[in-house]
Amino acid sequence: MEKYITNVICMDKKYPSISFKNRINSLKREDEKIGQLIIESHKKAITLINNYDAEIAKETISKAAEIDEATFNLERSCIRFMAVEQPLAGDLMFVESSIRIGEHIKRIGHIMSNIADASAKITDVDIPERLLEDIQYMADYVQLMLSKGIYSFLDQNIEMAKELHADDDKVDDLFDSILTQVTDVMFKNKESIASIINLIFIARFLERIGDRAVDIGSRTIFMLTFKKPN
């Protein structure tokens, strides 16, 4: 009888319960939903830079609040899961990483709102075509980084996560170039400095989203390897 009980306990440790599987799959679905939401919302937000639309701006701000609420609910689900199921090893790392990545996603949502606000302030500014193209290119590049970060976590793709550090260097170079161009425009158009400076804010916001994408990738690497990324 004692041997039978021992075998049952060992089986329970080796094979997760139906409840465990259902709960962790539910968390994965929440992660995917929030990931898709931030990617699509960011894609819309960056269209405001080159083609401002008050309705899209309003939607961007609304989506940021929705993302905030969703990440709060995700954290609550993760804490409940840990309390009830007491996951170990890789499963524990996944749940804990979901909480941390949710925080990055929430901050990205707030930054998107900042981009919407700043974009409204450059609608009447005469911006050189090359500068506008570079800002839009930076925005598109950061969009790619954000997608990489989210999907590296959802798909547990370590190679994709590792690419983000090189991508971040590219974004830093773009920011430096844009900063130089905006400074030149400000000297030539001093009466519009208060509006033009928002171009720097937008570039900085994009850079910060890129940094968050790198952090998501780094957390994914740590989750999969238990090692701090180089």
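A residue counts as buried when its relative accessible area is under 20%, as exposed when that area is over 50%, and as partly exposed in between. The exercises below apply this definition and others to a predicted model.

**Exercise 1. Determine whether S41 is buried or exposed, and describe its surroundings.**

Solution.
Step 1. Locate the residue: S41 belongs to helix α2.
Step 2. Compare its accessibility with the cut-off. The relative accessibility of S41 is 6%, and therefore S41 is buried.
Step 3. List its contacts. Leaving aside residues up to four places away in sequence, S41 touches K63, I67 and M112.
Step 4. Examine its polar side-chain atom. A polar atom of the S41 side chain lies 2.7 Å from the backbone oxygen of L37.

**Exercise 2. Classify K44 by its relative accessible area, and identify the partner of its side chain in a polar contact.**

Solution.
Step 1. Locate the residue: K44 lies in helix α2, which covers residues 18-45.
Step 2. Apply the two cut-offs. The relative accessible area of K44 is 40%, so K44 is partly exposed.
Step 3. List its contacts. With residues up to four places away in sequence not counted, K44 touches I56 and E59.
Step 4. Look for a polar contact. The side chains of K44 and E59 form one, at 2.9 Å.
Step 5. Consider a residue farther along the chain. R130 is 86 residues apart from K44, and the C-alpha atoms of the two are separated by 22 Å.

**Exercise 3. State how many cavities of 30 Å³ or more the structure has, and describe the lining of the largest cavity.**

Solution.
Step 1. Recall the principle: a probe the size of a water molecule, rolled over the atoms, shows where empty space is left.
Step 2. Count the cavities. A search of the whole structure yields one of 30 Å³ or more.
Step 3. Give the volume: the largest cavity holds about 80 Å³ of space.
Step 4. Describe the lining. It consists of 14 residues, and D31, I101, I105, I150 and F153 lie nearest the centre of the cavity.
Step 5. Sort the lining residues by character: eight are nonpolar, five are polar and one is charged.
Step 6. Assign the lining to helices. At least two residues come from each of α2, α4 (54-85), α5 (89-120) and α6 (129-154).

**Exercise 4. Identify where pLDDT stays under 50, and explain how such a region should be read.**

Solution.
Step 1. Begin with the whole protein. Its mean pLDDT is 92, and 93% of its residues reach 70 or more.
Step 2. Find the region in question. Over residues 1-13, pLDDT stays under 50.
Step 3. Check the contacts of this region. The model has zero contacts beyond four places in sequence for residues 1-13.
Step 4. Draw the conclusion. Where pLDDT is low, predicted coordinates should not be read in detail.

Methods: Residues are numbered from 1 along each chain as its sequence is written. Side-chain values use heavy atoms; hydrogens and water are left out. Helices (H or I, at least four residues) and strands (E, at least two) are DSSP runs, numbered from the N terminus. Buried means under 20% relative accessible area, exposed over 50%, partly exposed in between (1.4 Å probe, protein chains only). Contact means heavy atoms within 4.5 Å. A polar contact is a pair of N or O atoms within 3.5 Å; within protein, one must be able to donate a hydrogen and the other to accept it, and residues adjacent in sequence count only if both atoms are side-chain atoms. pLDDT is the predictor's confidence in each residue, from 0 to 100. On a 1 Å grid over the protein atoms alone, a cavity is a set of points where a 1.4 Å probe fits but cannot get out, and a pocket is an open set with protein on both sides within 12 Å along at least five of seven lines; lining residues have an atom within 4 Å of a point. Grid points are joined across faces, edges and corners, and a volume is the space filled by probe spheres set on the points. Ala, Val, Leu, Ile, Met, Phe, Trp, Tyr, Cys and Pro count as nonpolar, Asp, Glu, Lys and Arg as charged, and the others, Gly among them, as polar.
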